[in-house]
Amino acid sequence: MKCHKQTLHSFLIPALIGRGLKLFIVEPPTVQHLDLLHAYHADLKEVNDIFNYNKEKPVLSKNAAPMSGAVAWVGGLVRRIEEPMAKLRAGNKVIMETEEAKEINKLYNTMIAAMQDYKASKVNA
């Protein structure tokens, strides 16, 4: 099986630096970048399903108190989605401007808000 790589032209992006206009090259998203977005989107959906399915009765360790265990459980889910998103945002900026990345960002923000509300409800209960 032959491996082929999609080649795309680089984009020239204008930037105002000081008083002068400078152009610099930004690499467009490659197939590997798009595959990474697809994989992260699938992981987001999986974490969302886990959260929605188990939020009424979260999976706790044997000796965890119900409220603090639920807070720890949701904290683990948040960490599972935060770290990859931070790396995606810090990487190629052109990737984050694609339609799929915008959809992923919207789902991510919705999930983070729901998980923070859940955590607040457990802490304040």
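Average pLDDT for this chain is 79, and 77% of the residues score at least 70; pLDDT is the predictor's confidence in each residue, from 0 to 100. This is a predicted model, so to speak of local features I need pLDDT of at least 70, side-chain atom pairs count only at pLDDT 80 or more, and totals for chains, interfaces and linings use all residues. Residues are numbered from 1 along each chain as its sequence is written, and side-chain values use heavy atoms, with hydrogens and water left out.

Confidence by element, then. Helices (H or I, at least four residues) and strands (E, at least two) are DSSP runs, numbered from the N terminus. The chain has three helices and two strands, in the order β-β-α-α-α from the N terminus. Helix 3 has the highest mean pLDDT of the elements, 93, and strand 1, residues 11-17, the lowest, 42. Over residues 1-19 pLDDT stays under 50, and there the model has 29 contacts beyond four places in sequence. A contact means heavy atoms within 4.5 Å. Where pLDDT is low, the predicted coordinates should not be read in detail.

Now some totals. The chain has 125 residues, of which 30% count as buried. Buried is under 20% relative accessible area, exposed is over 50%, and partly exposed is in between, with a 1.4 Å probe and protein chains only. The exposed area is about 9100 Å², with carbon and sulfur atoms supplying 58%; areas come from the Shrake-Rupley method with a 1.4 Å probe, and for residues only the protein chains shown count as cover. Taking contacts between residues at least 6 apart in sequence, 62% join residues at least 24 apart.

On to the helices. Helix 2 has 25 residues and reaches 36 Å from first C-alpha to last, close to the 36 Å expected at 1.5 Å a residue. Helix 3, residues 99-124, has 26 residues and reaches 38 Å, close to its expected 38 Å. The expected span is 1.5 Å times one less than the number of residues.

Which residues of helix 3 are buried? They are Glu 100, Ala 101, Ile 104, Tyr 108, Met 111, Ile 112, Met 115 and Tyr 118. An α-helix has 3.6 residues a turn, so residues three or four places apart point the same way. The buried residues of helix 3 pack against helix 1 (31-54) and helix 2 (66-90). In helix 2 the buried residues include Gly 69, Trp 73, Leu 77, Ile 81 and Met 85, and their cover includes helix 1 and helix 3.

Next, the largest nonpolar core. A nonpolar core is a set of buried Ala, Val, Leu, Ile, Met, Phe, Trp, Tyr and Cys residues joined through side-chain atoms within 4.5 Å. This one has 22 residues, and Tyr 40, Leu 44, Phe 51, Ile 81, Tyr 108 and Met 115 touch the most other members. Helix 1, helix 2 and helix 3 each supply at least two residues of the core, and helix 2 gives the largest share, eight. Leu 44, leaving aside neighbours within four places in sequence, is in contact with Ile 81, Ile 104, Leu 107, Tyr 108 and Met 111.

Then the rings. Rings of Phe, Tyr and Trp (its six-membered ring) pair if their centres lie within 6.5 Å; planes under 30 degrees apart count as stacked, over 60 as edge-to-face and the rest as tilted. That rule gives three aromatic pairs. Why is the pair of Phe 51 and Trp 73 stacked? Their centres are 6.0 Å apart and their planes are at 15 degrees, so the pair is stacked. Phe 51 is in helix 1 and Trp 73 in helix 2, 22 residues apart. Phe 51 is buried at 3% relative accessible area, and Trp 73 is buried at 12%. Phe 51 also pairs edge-to-face with Tyr 118, at 5.5 Å centre to centre and 85 degrees between the planes. Tyr 118 is in helix 3, 67 residues from Phe 51. Ring pairs link Phe 51, Trp 73 and Tyr 118 into a cluster.

Two last residues. His 41, in helix 1, counts as buried at 10% relative accessibility. Beyond four places in sequence, His 41 is in contact with Glu 100, Glu 103, Ile 104 and Leu 107. Met 96 lies in the loop between helix 2 and helix 3 and is buried, at 17%. With neighbours within four places left aside, Met 96 is in contact with Met 85, Leu 88, Arg 89, Ala 101 and Lys 102.
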